[in-house]
Amino acid sequence: MTSWILSYDSYDPDQEALREALCTLGNGYFATRGAAEESAADEIHYPGTYLAGGYNRLVTKIAKREIGNEDLVNLPNWLPLNFRPEGGEWFNLHTAEIFSYRQELDLKQGILRRTLRARDREGRETSLAACRLVHMGAPHLAAIEWTLTPENWSGRIEVLSALDGRVINSGVARYRQLGGKHLVPLASEEFGEDGILLVAETSQSYIRIAVAAHTRVYADKVSDKIERQFRQAEGYAAHALNFEVAEGHPVTIEKIIALHSSRDHAISSPGLAAVETLSEAGRFESLLEDHARAWSHLWHRCDIVMEGQGRTQMILRLHIFHLLQTVSPHSVDLDVGVPARGLHGEAYRGHIFWDELFIFPFLNMRIPEITRGLLRYRHRRLPAARRLAREAGYRGAMYPWQSGSDGREETQILHLNPKSGRWLPDNSHLQRHVNAAIAYNVWRYYQATGDREFLSLYGAEMLFEIARFWASIATFNQIRGRYEIRGVMGPDEYHDRYPWSDTPGLNNNAYTNIMAAWVFRRALEARALLDTDRRVELGETLALTGDEITSWDEIGRKLLVPFHEGVISQFEGYERLLEFEWDIYREKYGDIRRLDRILEAEGDTVNRYKASKQADALMLFYLFSAEELRELFSHLGYNFEGEMITRTVDYYLKRTSNGSSLSGIVHSWVLARSNRAASWTQLKEALESDIADGQGGTTREGIHLGAMAGTIDLVQRGHTGLEIRDDLLHLNPCLPEELQGLSFRIRHRGQWLDMEIGCGRLTVSAPEGWDGPRRIMVGDMSFALHAGERNKIACDYEQNGCSPIKKV
Ligand code: BGC
């Protein structure tokens with residue numbers, strides 16, 4: 001396993017679904033799971049193709065209720081390709097005798113390779129070398145190259161190449177009781193000399209999808225003797241090719257496809273566009289060359305080199321790879337958000353949560369145009385967020401916890417506990433903190449880029465409307481002289497109500513309240529940054545009054561933060577919950593990450609215990625530096641002592657099950673400076689989480705993109721102390737002992753900086769022509785930053801104490 005290749009040396013049916021998710025290829029426009037070309041959806045395989053933003057809604061009757069669900073639709077399968085020697089069976093991994101098998105995901109070039117040698121029942125041995133790409137340069141194209149070698153036989157061979165639109169969404173077992181048939185077939189036809197075209201439409205959102213394909217055979221001996229037959233059924237189009245092969249002589253089969261949808265810009269119809277795009281695609285080899293070039297450009301911007309870390313380095317690259325396959329420069333114009341499980345499977349139905357919080361920091365520092373595009377997805381859904389706020393009796397904009405096509409609340413009202421088989425009310429929509437996450441993302445994007453136009457045109461409006469929402473949900477408690485936010489849920493999804501109450505929701509979740517206070521301050525700061533015209537325009541358009549703006553300042557100073565036993569309380573009343581018997585349950589169940597399900601199945605509820613699914617209060621130490629928090633607390637009129645951080649971290653680490661993959665990221669982050677060994681262990685676990693299917697077998701249903709991005713961010717910001725504060729770039733390196741060195745590039749205010757950190761030395765180089773900020777902070781020392789390689793900033797830092805000690 002090199003640091004660029006994820007490889008498997010044998011075929012393992014039990015692992016196949018996981019490998020399909022991990023070997024997904026995509027380009028931000030669409031993605032296809034790494035299922036074998038000859039496979040169809042069954043207990044082992046699940047070929048799936050998903051279009052960014054390709055949602056459809058279905059209604060199912062369940063538990064006597066009509067349940068509507070919007071899904072990211074599994075599109076027509078473009079992979080099918082199979083062969084059979086004359087009179088034999090179609091190749092099948094389960095019936096053929098397999099001598100050798102190897103699968104490789106090449107992260108550098110973005111290709112999936114598979115090589116195998118198989119023998120059929122008649123003793124005919126055939127080698128197959130398959131190579132696949134989903135084009136990163138030309139986002140509508142994808143291609144498969146198969147090289148077949150009859151090793152010990154000669155004769156006729158049949159190759160079947162199909163487009164199959166009869167697929168449904170059935171990738172997640174626990175959703176199977178709900179409707180999954182989203183596609184209505186429209187056309188399956190032949191065109192030109194060797195093209196086939198399949199057109200289908202989603203049943204409710206009427207997204208039309210067209211896939212055009214041609215399959216060509218290249219071999220000296222057979223090229224002009226190919227019999228081609230068109231096979232057609234509703235939702236299915238195929239070409240069957242029949243030709244002669246000779247022992248020891250390889251034949252190459254190329255299947256090239258073009259996919260368009262009615263969501264595309266600059267097309268007449270998806271069918272026409274697909275046929276045209278396909279007609280201009282060259283041979284596989286030239287597609288591969290362009291595709292690999294597009295990837296090399298991305299890697300030049302995005303790679304992070306970890307010295308001396310073979311497997312860890314490979315996994316980090318795998319995470320960068322999947323992030324860029326889900327959102328890429330092609331996403332910028334698409335009006336899409338970031339689905340929590342990538343475009344890699346159907347878990348969470350392709351919905352968009354708050355996970356962007358973990359994803360944008362990486363993009364902000366490299367391809368901020370993508371963040372801008374993704375934030376515009378949120379801006380376009382301001383009207384829907386306003387509607388949600390209004391319907392709930394609030395003002396401003398209240399974004400949904402789960403978002404899909406049009407920004408309505410997509411969180412299900414019931415969810416199935418597979419452990420008990422019961423359908424239970426789902427209150428997770430009460431996670432109003434998603435609004436703070438969106439505001440946070442707007443602000444951090446602005447800080448990283450200095451993009452005032454964005455702030456002026458879109459960002460400020462979102463900040464104002466979110467601030468307005470927080471102001472309307474906050475209520476003043478006369479006795480305490482503080483504002484409160486009641487009836488919400490924090491990031492920890494285990495607690496959705498007090499055990500002594502029938503009403504869902506908790507009061508004064510510390511994370512939510514502090515984030516709301518932070519939002520008020522940023523809204524006011526953004527307002528001050530607007531030019532007078534825009535300030536007036538927005539004020540008029542949103543009917544912002546002077547009193548309202550004053551109230552933001554007032555509430556932002558007086559929000560309540562609960563404490564108990566010298567630590568921040570996750571929410572008010574947390575101290576009244578029972579301690580949980582972690583050891584007993586670990587012994588009884590082994591994996592207790594889904595404690596909520598375990599306890600419900602036992603007839604108990606996790607609401608009774610001091611047990612969290614994921615980092616909640618600790619999110620504060622992840623999102624803000626100690627300096628920022630000190631400032632926030634003092635603004636809120638609370639004391640902030642460093643010891644309180646340590647106490648709070650210790651307290652919740654012991655009481656969290658890490659039932660969300662996001663949790664380990666936060667925990668690794670908060671320990672990065674105080675306990676480097678424990679932090680590294682948490683990071684390694686987070687890195688292994690998807691590749692080893694550590695989240696209880698869920699990766700097969702889609703990768704955990706927030707956690708993947710979080711591992712990258714831990715390295716790029718957590719270990720370097722990289723932050724932008726007071727308009728200055730700050731660094732404060734603290735590498736784990738196991739990490740000898742780190743080098744990467746970041747884009748700061750429109751220009752690139754090269755960073756190298758290792759062996760107690762930090763080097764930052766600005767390119768020729770640098771006209772960015774003239775200073776940079778390392779620890780509390782300020783350095784002048786000049787253009788050109790020869791003007792490096794170099795400083796030594798104390799590797800164990802992790803603080804800079806001298807300029808070099
Ligand atoms: C976590 C959420 C997260 C969601 C999607 C859930 O398990 O609790 O915080 O947003 O998964 O990744």
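# Briefing: packing, rings and backbone in a predicted model

Both Phe83 and Trp146 are buried. They form an edge-to-face aromatic pair, with 6.2 Å centre to centre and 80 degrees between the planes. The model is predicted, with a mean pLDDT of 94 for the protein. The points below cover confidence, the annotated domain, ring contacts, nonpolar cores, a buried helix and two residues with positive phi.

**Confidence**

- A pLDDT of 70 or more is reached by 97% of the residues.
- Confidence is highest in strand β3 (residues 30-32), with a mean of 99.
- The lowest confidence is in strand β33 (residues 803-807), where the mean is 59.

**Annotated domain**

- An unreviewed UniProt entry carries the annotation "domain: Glycoside hydrolase family 65 central catalytic" for residues 317-712.
- Over residues 317-712, helix accounts for 51% of the chain and strand for 5%.
- The end C-alpha atoms of residues 317-712 are 9 Å apart.

**Aromatic pairs**

- The whole structure contains 36 aromatic pairs.
- Phe83 belongs to strand β6 (residues 81-85) and Trp146 to strand β10 (residues 141-150), so their pair ties together parts that are 63 residues apart in sequence.
- Phe580 and Trp582 also pair edge-to-face, at 5.1 Å centre to centre and with 80 degrees between the planes.
- Phe580 is buried at a relative accessible area of 7%, and Trp582 counts as buried at 10%; the cut-off for buried is under 20%.
- Ring pairs join Tyr348, Phe353, Trp354, Phe358, Trp401, Tyr511, Tyr622 and Trp669 into a cluster.

**Arginine over rings**

- Arg349 lies over the face of Tyr175, 4.1 Å from the ring centre.
- Arg745 lies over the face of Trp752, 4.6 Å from the ring centre.

**Nonpolar cores**

- The largest nonpolar core has 225 residues.
- Trp78, Trp354, Phe464, Trp470 and Leu559 have the most contacts inside this core.
- Helix α9 (residues 452-473) supplies the largest share of the core, with 13 residues.
- Another core lies apart from the largest one and has 17 residues, among them Leu141, Ile256, Phe284 and Leu288.
- In soluble globular proteins, nonpolar side chains tend to be buried together.
- Trp354 appears both among the residues with the most contacts in the largest core and in the ring cluster.

**Helix α18**

- Eleven of the eleven residues of helix α18 (residues 661-671) are buried, so the helix is largely enclosed by the rest of the structure.
- The buried residues of α18 include polar ones by name, such as Ser661, Ser663, His667 and Ser668, and also Leu662, Ile665, Val666 and Trp669.
- The cover over the buried residues of α18 includes α5 (356-364), α15 (619-623) and α17 (642-653).
- Also part of that cover are α19 (676-691) and α20 (705-718).
- Trp669, one of the buried residues of α18, is also a member of the ring cluster.

**Positive phi outside glycine**

- Most residues other than glycine have a negative phi.
- Arg349 is not a glycine, yet has a positive phi of about 55 degrees.
- Arg349 sits in the loop between α4 (310-326) and α5, and counts as buried at 6% relative accessibility.
- Glu565, also not a glycine, has a positive phi of about 45 degrees.
- Glu565 is placed in the loop between β23 (563-564) and β24 (567-568), and is exposed with a relative accessible area of 60%.

How values were computed:
Residues are numbered from 1 along each chain as its sequence is written. Side-chain values use heavy atoms; hydrogens and water are left out. Buried means under 20% relative accessible area, exposed over 50%, partly exposed in between (1.4 Å probe, protein chains only). Helices (H or I, at least four residues) and strands (E, at least two) are DSSP runs, numbered from the N terminus. Contact means heavy atoms within 4.5 Å. Rings of Phe, Tyr and Trp (its six-membered ring) pair if their centres lie within 6.5 Å; planes under 30 degrees apart count as stacked, over 60 as edge-to-face and the rest as tilted. A charge sits over a ring if NZ of Lys or CZ of Arg is within 6 Å of the ring centre and within 35 degrees of the ring normal. A nonpolar core is a set of buried Ala, Val, Leu, Ile, Met, Phe, Trp, Tyr and Cys residues joined through side-chain atoms within 4.5 Å. pLDDT is the predictor's confidence in each residue, from 0 to 100. UniProt positions are given in the numbering used here, feature names are shortened, and annotations may be inferred rather than shown by experiment.
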